[in-house]
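Reader: Hi! I have a new model open and would love to talk through its side-chain contacts and its pocket. Could you take a look with me?
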Amino acid sequence: MANQLLEVKGLDVFYGDAQALWDVSIHVEEEAIVALVGANGAGKTTLLKTISGLIHARRGEISLSGKSLSNLNPKEIVDRGIIHVPEGRRLFSDLTVLENLKLGAYVPRARPFFAESLERVFSLFPLLKNRKDQKAGSLSGGEQQMLAIGRAMMAQPKLLMLDEPSLGLGPILVKTIFELISTLHKQKTTILLVEQNVNQALKIAQQAYVLKTGKILMSGRGEELLVNEEIRKTYIGERGIKR
């Protein structure tokens with residue numbers, strides 16, 4: 001059995017006086033894909049931002065490999081190995097593909113592995129190698145998502161957090177992104193995935209949590225939730241289960 005990498009216990013998070021998360025607890029095993037699914041406004045992005053240190057929890061505990069992340073700032077959390085690819089990609093559009101990738105490796109522990117990491121990213125994304133001197137802002141949406149994930153991999157993540165990687169992409173690119181996530185998993189990357197495409201997310205996740213209005217509604221193995229009637233009705237709908 002894999003070791004537990006990330007543990008979130010009893011998290012309460014507020015925006016001012018408005019509570020966004022209630023007593024949220026999740027865990028992520030090493031080398032697993034864990035999916036967070038739910039409707040817009042369920043609290044998925046808030047949870048990722050809290051793990052990243054961008055938002056501070058009022059109550060609860062977050063630990064990585066048994067060591068508390070409480071009171072750490074976002075840079076310190078990145079230094080610990082948690083790399084967050086936010087919704088919207090947040091690339092440096094005026095910099096080239098290669099320059100964006102170089103910035104991904106600024107973390108001190110990642111710098112010695114720059115050449116190795118770059119080779120890996122170009123192997124995963126041959127298109128990025130071909131366009132390494134092109135400005136990031138000139139790439140298509142799908143290409144920018146590839147670059148955002150590639151930049152994150154340059155940081156040698158212990159935990160890769162992906163927030164809505166398929167958002168706004170056409171069906172072919174969505175398929176490509178999920179294939180990429182599966183490839184990263186096969187390469188032993190631990191992934192915490194926030195995704196509105198519940199059908200696809202549950203297909204590839206070993207463990208999944210369903211968030212509803214800031215609370216964990218249910219959890220289980222991805223394949224178990226995929227055939228759950230409530231999940232099918234609420235989140236998959238007429239698309240049904242594709243096997």
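Reader: What do the side chains of Lys-75 and Asp-79 form where they meet?
Author: Happy to help! Keep in mind that this is a predicted model. Those two side chains make a salt bridge, with N to O at 3.0 Å.

Reader: And how many residues apart are Lys-75 and Asp-79 in helix H2?
Author: They are four residues apart in H2, which means about one helical turn separates them. In general, an α-helix has 3.6 residues a turn, so residues three or four places apart point the same way.

Reader: Nice. What relative accessible area does each have, starting with Lys-75?
Author: Lys-75 has 47% and is partly exposed. Asp-79 is partly exposed as well, with a relative accessible area of 27%.

Reader: Which residue does Glu-143 meet in a salt bridge?
Author: That would be Arg-131, at 2.7 Å from N to O. Glu-143 lies in helix H6 and Arg-131 in the loop between helix H5 and H6, so the pair ties together parts that are twelve residues apart in sequence.

Reader: Is Glu-143 buried or exposed?
Author: Buried, with a relative accessible area of 12%. Its partner Arg-131 counts as partly exposed, at 28%.

Reader: How many salt bridges does the count come to?
Author: Seven. Another one of them joins Arg-232 and Glu-229, whose closest N and O atoms are 3.4 Å apart. Both residues lie in helix H10, three residues apart, or about one turn of the helix. Here Glu-229 is exposed at 55%, and Arg-232 is partly exposed at 31%.

Reader: Switching to rings: which residue lies over the face of Phe-14?
Author: Arg-58 does, at 3.7 Å from the ring centre. There is also Lys-215, whose charged end sits over the ring of Trp-22, 5.5 Å from its centre. As for aromatic pairs, the structure holds zero.

Reader: On to the pocket! How much space lies in the largest pocket?
Author: About 630 Å³. Its lining has 25 residues, and Val-78, Ile-83, His-84, Pro-86 and Arg-151 are the ones nearest the centre. By type, the lining divides into 15 nonpolar, four polar and six charged residues.

Reader: Which helices and strand each supply at least two residues of that lining?
Author: Helices H1, H2, H3 and H6, along with strand E6.

Reader: How many of the residues of H1 are buried?
Author: Six of its eight, so H1 is mostly covered. Among the buried ones are Lys-44, Leu-47 and Ile-51. Just after H1, Gly-53 takes a positive phi of about 85°.

How values were computed: Residues numbered from 1 in each chain as written. Predicted model: local features only at pLDDT ≥ 70, side-chain atom pairs only at ≥ 80, totals over all residues. Heavy atoms only, no water. 1 Å grid on protein atoms, 1.4 Å probe; cavity = no way out; pocket = protein on both sides within 12 Å on 5 of 7 lines; lining within 4 Å. Points joined across faces, edges and corners; volume = space filled by probe spheres on them. Nonpolar A, V, L, I, M, F, W, Y, C, P; charged D, E, K, R; others polar. Phe/Tyr/Trp six-rings, centres within 6.5 Å; stacked < 30°, edge-to-face > 60°. Lys NZ or Arg CZ within 6 Å of the ring centre and 35° of its normal. Buried < 20%, exposed > 50% of the residue type's maximum accessible area, 1.4 Å probe, protein only. Salt bridge = Lys/Arg side-chain N within 4 Å of Asp/Glu carboxyl O.
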